[in-house]
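Thanks for sending this one over. Here are some notes to read alongside the structure, with the sequence open next to you.

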Amino acid sequence: MCSTHFNLGNYLFPLVFFIFILSACSKESPEIENASAHWISSSQLLWYTQADADQFALIYSRNAELDLSAGNQNADGRILLSREGELDAETANKYRHIQDWPVFSLSAGSEEIYDAITGQLVAVALDASGNVIEATRVQFPGVIDELFAFEGMLGPIYDGNTLHLRLWAPTAQNVELVLYSNQKEEVSRVEADRFDASTGVWHFSGPVSEWDRAFYRFNMTVFHHENSQINTYEVTDPYSVSLSTDSYYSQFANIAGDPELKPDGWDSIRKQLPRPTDITLYEVHVRDFSALDESVEEQDRGTFMAFTYNGRNSRALSNGMAHLKALRDAGLTHIHLLPVFDITTVIENRENRIDIADPYSKICEEMANSEELKPYCERFGDMPIIEAFEQLAAENPVTKSIQLPYSLRGRYNSLAFMDGFNWGYDPFHFNAIEGSYSTDPEGVQRIIEFREMVKALHEIGFKVVVDVVYNHTSAHGLTRRSVLDRVVPGYYQRYDVFSGNIETSTCCPNTASEHFMMERLLIDSVVFWAKHYKIDSFRFDLMGHHSLETMKRLQDELELLTLEEHGVDGANIYIYGEGWNFGEVADNRIFDQATQFMTNGTGIGNFNDRKRDGIRGRNFTDSGRFQGFTSGQFLFPNEDAGDDADAQRRELLSQGDRIRVGLAGNMRAYRYQNSSGDIVTGFNDMIGFTDMPQETINYIDKHDNETLWDNTQTKLPLDMSTEDRVRVHMLSLAMINFGQGVPFHQMGSDILRSKSLDRNSFDSGDWFNRVDFTMQTHNWGKGLPPAWDNRDRWEQQEVFLKNELSLPAEEHMRLAHEIFKDQLRIRYSTGLLRLLDPEDVMKRVAFHNTGPDQVPGLIVMSVSDGRCAGRELDSRYNGLVIIFNAALESQNFSTGIEGLRLHHIQQNGADEIVKGTVVSSQGDVTIPALTAAVLVQPRQGRQGAFVCNEL
């Protein structure tokens with residue numbers, strides 16, 4: 001504090017001295033700027049500083065009372081930094097993104113480091129007088145990983161009559177356990193049995209008889225960088241296994257040992273998992289599946305229990321389960337569930353929600369001051385919302401009135417936030433089940449019902465995939481929905497290396513699985529789901545934001561699970577994900593990523609957007625009416641395609657190359673003749689990224705972006721008939737089902753699913769995400785989709801949604817469904833379409849009609865089981881020839897292969913047009929328009945004679 005007393009009337013100081021005094025009094029304290037110091041080990045720190053200082057130091061205050069203007073900065077301690085030293089090769093690689101920053105060495109014991117990280121910690125540069133000339137926050141995950149990495153179990157641990165609870169919180173000054181009654185009244189506060197300073201773990205224990213099923217939270221005292229204070233607050237357990245409604249409290253539950261939490265026969269379930277290339281995936285959202293299915297009892301709609309209507313155990317077969325069962329009978333193997341862990345964006349208490357079956361008046365009550373909604377409130381009153389929407393859509397297929405309550409006040413203050421729908425990519429508690437999908441979100445019922453679902457799907461032959469999201473959390477900082485960042489502030493999330501701002505390239509606060517304990521949480525969580533919920537496969541959201549080594553270590557941990565000891569075939573649990581390369585981690589900036597071109601050889605699957613875009617022509621959202629191989633490129637240009645036929649032909653042939661590589665398992669080493677006439681490998685032009693076919697997830701639509709039906713409608717000429725539109729759709733799906741690799745389909749693609757052109761329906765409610773398995777209704781033209789992510793395209797969307805030729809009738813949907821099942825039956829009728837060995841793909845799969853002079857729109861693929869291929873895979877056939885004709889007219893092609901005939905499933909199948917395929921004895925084929933025909937050569941009299949890939 002500067003205090004100077006003088007009276008100008010009595011003392012005449014020189015003006016210069018007066019200005020000097022004023023300047024000294026008004027000098028501001030140095031600011032703590034950014035977070036550009038990284039404490040990477042107990043002996044080294046990296047700091048992006050250009051200060052010309054006489055001394056550098058780490059200073060800390062256990063009470064968060066640092067004062068940079070004070071003589072000693074009011075610090076409890078300081079650790080001197082020496083601007084010298086260099087990183088060894090391993091450390092330089094670990095911190096590759098900042099390895100060129102100045103290196104500082106330091107000497108500090110573990111106790112001093114513990115004191116530093118549990119309080120306010122700042123790196124300072126000082127002048128010769130000890131004044132601070134630069135100060136920055138310190139990012140410390142590196143030194144925490146060195147000193148406090150813990151490899152034991154965390155969360156609740158049942159051990160006979162004792163219940164142990166462990167929390168990893170090395171930066172906390174104190175942690176208490178607070179126990180609550182069922183009414184959420186505080187019962188007691190329990191001090192930790194001990195704090196292990198060598199691991200950062202707080203240990204609690206109590207009797208199972210008193211603690212089991214009790215609710216609890218941790219009362220923590222910890223410094224948080226968001227407000228630069230020592231805070232005391234309560235937080236739920238990051239390793240929670242059960243929760244109260246809306247996740248306000250964690251709950252103890254004996255997942256492994258409590259028989260009340262297990263359906264009859266749960267422990268006896270043993271699943272032999274298929275080879276990866278024997279898998280076909282069907283992506284299902286729990287609420288979409290049954291929210292509007294009247295064959296399911298009302299209380300079970302939109303919940304896990306809807307999957308128990310499987311026709312067994314006195315449960316009648318529901319419409320949705322009948323649909324799944326029909327697909328399973330045709331060959332479908334895996335149900336991929338969008339996130340089912342605890343999420344933040346759906347209100348679990350149904351009484352506090354507005355769902356589509358509720359009266360329209362509930363919307364009006366919530367938005368009482370809305371003049372825009374007033375006419376609808378007067379008109380619809382207590383009519384169910386869904387009936388009101390049906391009336392509006394019937395009056396006008398491009399009405400804005402349906403989306404209005406979803407976006408009127410922005411997404412977070414509208415029906416979108418108040419209803420029971422969200423995709424669920426907003427993690428809250430990674431190991432707990434989402435309560436909104438349970439008939440009772442309070443406590444353990446969600447555990448029981450999730451297991452009932454898994455069991456019911458198992459009973460009709462399905463394996464279960466869960467969609468996991470470890471790349472981000474839904475919140476950070478001091479908010480209630482921030483868990484990890486309140487337990488160990490500054491550790492679990494990824495921050496900008498200079499500013500210290502949270503990275504949000506994923507959408508939300510990114511996590512940092514390059515940190516040991518975040519990787520531990522990820523691996524622990526996946527193993528937990530595999531062991532205790534019998535999950536057979538895991539799909540990783542934005543997998544490219546995790547390191548390749550993390551994913552490989554996960555595989556190693558899963559392999560330790562055995563049928564004999566754990567009831568789980570861990571070695572065959574299939575891992576796949578989104579290996580997109582973007583954000584702050586892009587191009588292996590921070591670590592070697594688990595991206596498409598990095599995971600080859602691991603067996604991990606990646607979504608194949610190259611084949612997808614070749615088939616359907618990229619997303620309408622991104623590329624407008626740009627057409628794909630099946631949607632008219634060059635062959636039947638749409639109204640906006642332009643007049644450059646040569647460019648369109650080149651693009652069509654290029655798309656064909658991407659599709660061919662995709663059909664061959666998207667293998668890097670696969671050799672073929674490209675559209676320029678060159679003999680190249682799949683890696684050419686960055687198409688192929690796999691070393692084995694199981695590493696490609698062949699898909700054409702999923703929950704993101706427009707559905708296949710919707711996207712295709714924007715590409716096709718406006719006057720194309722509905723029948724031809726259906727054939728384009730089914731030809732596109734055939735390129736997925738008849739290729740090497742792992743097919744993936746969005747629920748409802750087999751019945752022409754539409755979301756009324758919504759390109760991002762994550763929060764668009766039951767209306768836009770509706771699926772009708774009875775096929776009595778279709779969701780095309782159900783109003784313009786919500787404004788928040790579609791408004792810029794409304795004008796174009798209106799044109800498409802008004803086109804009645806894009807609205808299929810029941811017979812179109814039923815035909816599509818039957819053809820889809822025929823495609824599955826063909827896939828599972830022969831091992832030649834499910835090759836596992838990459839050498840088999842290299843030798844057996846060949847393409848005809850290639851090079852610059854190819855017949856446009858015709859892809860001809862053969863798969864050999866002849867002598868040149870080695871061992872026999874199909875005792876009936878020497879091989880297959882599959883011809884895809886994307887043209888609007890029939891086309892002729894000479895295969896040169898004698899004795900071909902149409903596959904018996906297509907001969908007797910639902911598609912009458914494919915039956916018109918004509919094959920001569922010499923292998924000359926005439927294939928109808930917009931058709932995929934599968935031809936076989938029976939072995940009779942031709943043992944071993946079939947073409948192989950000789951490139």
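The points below go through the disulfides, one helix, the salt bridges and one loop serine.

1. A word on the source before anything else: this is a predicted model. Please keep that in mind with each distance and angle below.

2. How many disulfides does a search of the whole structure find? The search finds two. One of them pairs C364 with C377, with the sulfur atoms 2.0 Å apart. C364 sits in helix α8 (residues 361-366) and C377 in helix α9 (residues 374-380), so this disulfide ties together parts that are 13 residues apart in sequence. The angle about its S-S bond is -105 degrees, and the link is left-handed. C364 is buried, at 14% relative accessible area.

3. The other disulfide deserves a look of its own, as it joins C507 to C508 with an S to S distance of 2.2 Å. Its S-S torsion is about -95 degrees, so this link is left-handed. The two cysteines fall into separate exposure classes: C507 is partly exposed at 48% relative accessibility, whereas C508 is buried at 18%.

4. Next, helix α13, which covers residues 445-459. Its 15 residues should span 21 Å at 1.5 Å a residue, and the end C-alpha atoms are indeed 21 Å apart, so expectation and model agree. The helix is mostly covered, with eleven of its 15 residues buried. Charged side chains appear on that buried list, including R446, E449, R451 and K455. After the helix comes G461, with a positive phi near 95 degrees.

5. Which side chain of opposite charge is nearest to E449? It is R350, 7.1 Å away, and E449 is buried without a salt bridge. A salt bridge would need a nitrogen and a carboxyl oxygen within 4 Å. E449, which belongs to helix α13, does have a polar partner: its side chain makes a polar contact of 3.1 Å with the side chain of S438. Beyond its neighbours within four places in sequence, E449 is in contact with F304, M305, Y437, S438 and T439. I would view this residue together with those contacts.

6. The salt bridges come to 53 by the rule used here. One of them brings together the side chains of K184 and E442, at 2.5 Å from N to O. This pair links distant parts of the chain, 258 residues apart: K184 is in the loop between β10 (172-180) and β11 (186-191), and E442 is in the loop between β21 (427-433) and α13. Both ends are partly exposed, K184 at 21% relative accessibility and E442 at 28%.

7. Are the partners in the salt bridge of R539 and D467 buried or exposed? R539 is buried, at 0% relative accessibility, and D467 is buried as well, at 1%. Their side chains meet at 2.9 Å, N to O. R539 lies in strand β23 (residues 537-540) and D467 in strand β22 (residues 463-468), so the bridge ties together parts that are 72 residues apart in sequence.

8. For a local example, turn to helix α26 (residues 810-827), where K821 and E818 are three residues apart and thus separated by about one helical turn. They form a salt bridge, with the closest N and O atoms 3.1 Å apart. K821 is buried, with a relative accessible area of 9%, while E818 is partly exposed at 31%. Elsewhere, salt bridges that share partners join D467, R539, D541, E578, K702 and D704 into one network. The buried strand pair from the previous point therefore belongs to that network.

9. Last, S547, found in the loop between β23 and α16 (548-559). S547 is buried, with a relative accessible area of 8%. Its side chain makes a polar contact of 2.9 Å with the side chain of T550. Leaving out residues up to four places away in sequence, S547 touches S513, F591, D592, Q593 and A594. The C-alpha atoms of S547 and E514 are separated by 6.8 Å, and these two residues are 33 residues apart along the chain.

How values were computed. Residues numbered from 1 in each chain as written. Predicted model: local features only at pLDDT ≥ 70, side-chain atom pairs only at ≥ 80, totals over all residues. Heavy atoms only, no water. Disulfide = S-S within 2.5 Å. Helix = DSSP H or I, 4+ residues; strand = E, 2+ residues; numbered from the N terminus. Buried < 20%, exposed > 50% of the residue type's maximum accessible area, 1.4 Å probe, protein only. Expected span 1.5 Å × (residues − 1). Polar contact = N/O pair within 3.5 Å; in protein donor to acceptor, adjacent residues only side chain to side chain. Contact = heavy atoms within 4.5 Å.
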